[in-house]
Amino acid sequence: LVIGYDLDEQKCSLTIERARREEITNFAAYTKLEDFVHSLQVPRHVILLVPAGAPVEACLQDLGKFLEKGDVIMDGGNEWYENTERRANKLATLGILYIGCGVSGGAQGARHGPALMVGGPQSAWHDDKKTPTKLNLALHAIAARAKEDDVPCVVYCGTGGAGNYVKMVHNGIEYGDMQLIGEIYTILRTLGKFSNIKIAQLFESWSDSILHSFLIEITAAILRKKKK
């Protein structure tokens, strides 16, 4: 059973209605936080998907009134890793396990599966016998899967803010790749006088090589798209 919470009654109603249309029967939503928390099976697992910073602090302050020792909170808002470690230490004094999870994939990832970089207490990820926890199994189920070997794109990075730190490094690499792609396009278009279609063909050939990546793939698709 998946249970959602939002302050906006209209959003909750629309989400419940969409779940009904898509014949999803194991979903419920609440607009009162206390009702939401009490509806969860103990130990509770709460996933926060709100903007980083003050909204997370406000959510944690409110949740702290109702959660108990052994409950788990996962923040999927791509927070600064030092904030994650500070919050984890504070919640640990209450016996609450706090996970900071880097999430990558954007809008497509939301519907078809993201890449997940998990950081936090090992006990929230597996027990003493290395048996996966409920959160572990859930994240493996919703994650994107690699085309090459169908392995879920989720990894436990370590304790504290490790997951958010890895996401930060991931972003740096990604932005470097985007800069490189932009420079390649500029050189081919301005100096080489290549058409967009010819550049798309080149990027598509790279997609079948060791240079394959999601960014290369979507760049080729963008270059083939004509303005209406």
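Okay, one bit of vocabulary before anything else: when I say buried, I mean under 20% relative accessible area, exposed is over 50%, and partly exposed is whatever falls in between. Keep that in your heads, because the residue I want to start with, Asn-164, comes in at 4% and so counts as buried. And just so nobody asks later, what you're looking at is a predicted model.

So, Asn-164. You'll find Asn-164 in helix α7, and α7 covers residues 162–191. What does Asn-164 touch once you leave aside its neighbours within four places in sequence? The list goes Asn-78, Glu-79, Tyr-81, Thr-84, Gly-100, Cys-101 and Gly-102.

Let's pick up one of those partners, Asn-78. Asn-78 sits in the loop between β4 and α4, with α4 being 81–92. The backbone there has a positive phi, near 55 degrees, and this is a residue other than glycine. Buried or exposed, or something between, for Asn-78? With 32% relative accessibility, Asn-78 is partly exposed, whereas Asn-164 is buried.

Now slide back into strand β4, residues 72–75, and you land on Asp-75. Here's an aspartate with 0% relative accessibility, so Asp-75 goes down as buried. Who's around it? Beyond four places in sequence, Asp-75 is in contact with Leu-48, Val-56, Arg-87, Tyr-98, Ile-99, Gly-100 and Cys-101. Gly-100 and Cys-101 should ring a bell, since they're also on the contact list of Asn-164. And there's a nice pairing in space: Asp-75 and Ile-47 are 28 residues apart along the chain, yet their C-alpha atoms are separated by 5.9 Å.

Two of the Asp-75 partners, Val-56 and Arg-87, take us to a helix pair. Val-56 belongs to α3 and Arg-87 to α4, and both are part of where those helices meet. On the α3 side you have Val-56, Glu-57 and Leu-60; on the α4 side, Arg-86, Arg-87 and Leu-91. How are the two helices arranged? Helix α3, residues 54–63, packs against α4 at an angle of about 5 degrees, and the axes are 12 Å apart. That angle is under the 35-degree cut-off, so α3 is roughly parallel to α4. As for the chemistry of that contact, the residues divide into three nonpolar, no polar and three charged.

Right, compare that with the other helix pair on my list, α7 with α8. Helix α8 is residues 196–207, and it packs with α7 at about 135 degrees, axes 10 Å apart. So these two are oblique to each other, and the crossing is right-handed. From α7 the contact uses Ile-181, Ile-184, Tyr-185, Leu-188 and Arg-189; from α8 it uses Asn-196, Ile-199, Leu-202, Phe-203 and Trp-206. That set divides into eight nonpolar, one polar and one charged.

Let me zoom in on Tyr-185 for a second, which lies in α7. The relative accessible area is 27%, so Tyr-185 is partly exposed. Not counting residues up to four places away in sequence, Tyr-185 touches Asn-196, Ile-199 and Leu-223. For a sense of scale, Tyr-185 and Ala-28 are 47 Å apart, C-alpha to C-alpha, with their positions 157 residues apart in sequence.

A couple of backbone oddities while you have the structure up. There's a cis peptide bond joining Val-42 and Pro-43, with omega about -5 degrees. Pro-43 is in the loop between α2, which is 33–38, and β3, which is 45–48. Then there's Glu-23, another residue other than glycine with a positive phi, near 60 degrees. Glu-23 is in the loop between α1 (9–21) and β2 (27–30), and at a relative accessible area of 70%, Glu-23 is exposed.

Last, the whole thing. What's the secondary structure count? Nine helices and seven strands. The C-alpha trace spans about 65 × 40 × 35 Å along its principal axes. Of the 228 residues, 32% count as buried. The protein exposes about 14,400 Å², with carbon and sulfur atoms supplying 57% of that. And if you take contacts between residues at least 6 apart in sequence, 58% join residues at least 24 apart.

Definitions and conventions:
Residues are numbered from 1 along each chain as its sequence is written. This is a predicted model: local features need pLDDT of at least 70, side-chain atom pairs count only at pLDDT 80 or more; totals for chains, interfaces and linings use all residues. Side-chain values use heavy atoms; hydrogens and water are left out. Axes are lines fitted to C-alpha atoms, for helices over the stretch in contact, and angles run from 0 to 180 degrees between N-to-C directions. Helices (H or I, at least four residues) and strands (E, at least two) are DSSP runs, numbered from the N terminus. Angles under 35 degrees count as roughly parallel, over 145 as roughly antiparallel, 65 to 115 as roughly perpendicular and the rest as oblique. A crossing is left-handed if the near helix is turned anticlockwise from the far one by less than a right angle, and right-handed if clockwise. Contact means heavy atoms within 4.5 Å. Ala, Val, Leu, Ile, Met, Phe, Trp, Tyr, Cys and Pro count as nonpolar, Asp, Glu, Lys and Arg as charged, and the others, Gly among them, as polar. Buried means under 20% relative accessible area, exposed over 50%, partly exposed in between (1.4 Å probe, protein chains only). Accessible areas come from the Shrake-Rupley method with a 1.4 Å probe; for residues, only the protein chains shown count as cover.
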